[in-house]
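User: I am new to this structure and would like a close look at one part, the largest nonpolar core. Please take me through the residues and elements that build it.

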Amino acid sequence: MGRYPRSLPSVLLESGNFDGLNGYKRRRRGVIATHSVRLMANLLSPEQRSRLMALIKCRDTGPELRLRRALWATGLRYRLRPKLPGKPDLAFLRAKVAVFVDGCFWHGCPLHGHQPKSNSGYWAPKLARTQERDRVANAALEEMGWFPLRVWEHETNAGLAACVARIVEAVCQRMKR
Ligand SMILES: [Zn+2]
């Protein structure tokens, strides 16, 4: 809890145009829900916004943790945050499979990614850069003989078992090479 700025919830609650309570509940569980982040980001000053984004980027996210726990349960072992292009969340070193858990908003998921209408001059280039970085990282990994495997944040909910199956299958396939 201590890692989050205490002033945020009141900033949000006073604004009156967001799903504050749900966002707050999730935040208390250690997860800042993406859509709440998006809504709150437009209410903050540039300085508050960049501090918030740094916080979001540097800590374990709910979706990533869910996936990690499920993968760990399979018995396969992975390296966390390997030093590889695009900073994958985890990697299977021998199989050379790099796994990314991509946030639906930031990385432009076809189901949930959309451009915010307010402040679009700020968001549009930022989102485009993130997605371009993903493409560059994938290409760099492939160049190095790695297999980049990306799962969407939303797939780590109901689709978690399918995600794990996809990853296990990729790892097994590549171990056979
Ligand atoms: Zn999604």
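Analyst: A nonpolar core is a set of buried Ala, Val, Leu, Ile, Met, Phe, Trp, Tyr and Cys residues joined through C-beta atoms within 7 Å, where buried means that 20 or more other C-beta atoms, placed from the backbone, lie within 10 Å of a residue's own. The model is predicted, with local features requiring pLDDT of at least 70 and side-chain atom pairs pLDDT 80 or more, while totals for chains, interfaces and linings use all residues. Residues are numbered from 1 along each chain as its sequence is written.

The largest core has 21 residues, of which A91, F92, V97, A98, V99 and I167 touch the most other members. At least two residues each come from α5 (62–74), β2 (90–92), β3 (97–102), α7 (120–143), β4 (147–152) and α8 (160–175), these being DSSP runs numbered from the N terminus, with helices (H or I) of at least four residues and strands (E) of at least two. The strand β3 gives the most, with five residues. Beyond its neighbours within four places in sequence, V99 is in contact (C-beta atoms within 7 Å) with P88, D89, L90, A91, L149 and I167.

I167 also belongs to the group L160, C163, V164, I167 and V168 in α8, which meets R66, L67, A70, L71 and T74 in α5. The axes of these two helices, lines fitted to C-alpha atoms over the stretch in contact, come within 10 Å and cross at roughly 55°. That angle makes α5 oblique to α8, since angles under 35 degrees count as roughly parallel, over 145 as roughly antiparallel, 65 to 115 as roughly perpendicular and the rest as oblique.

How values were computed: Buried ≥ 20, exposed ≤ 12 C-beta atoms within 10 Å, placed from the backbone. Contact = placed C-beta atoms within 7 Å. Axes fitted to C-alpha atoms, helices over the stretch in contact; angles between N-to-C directions.
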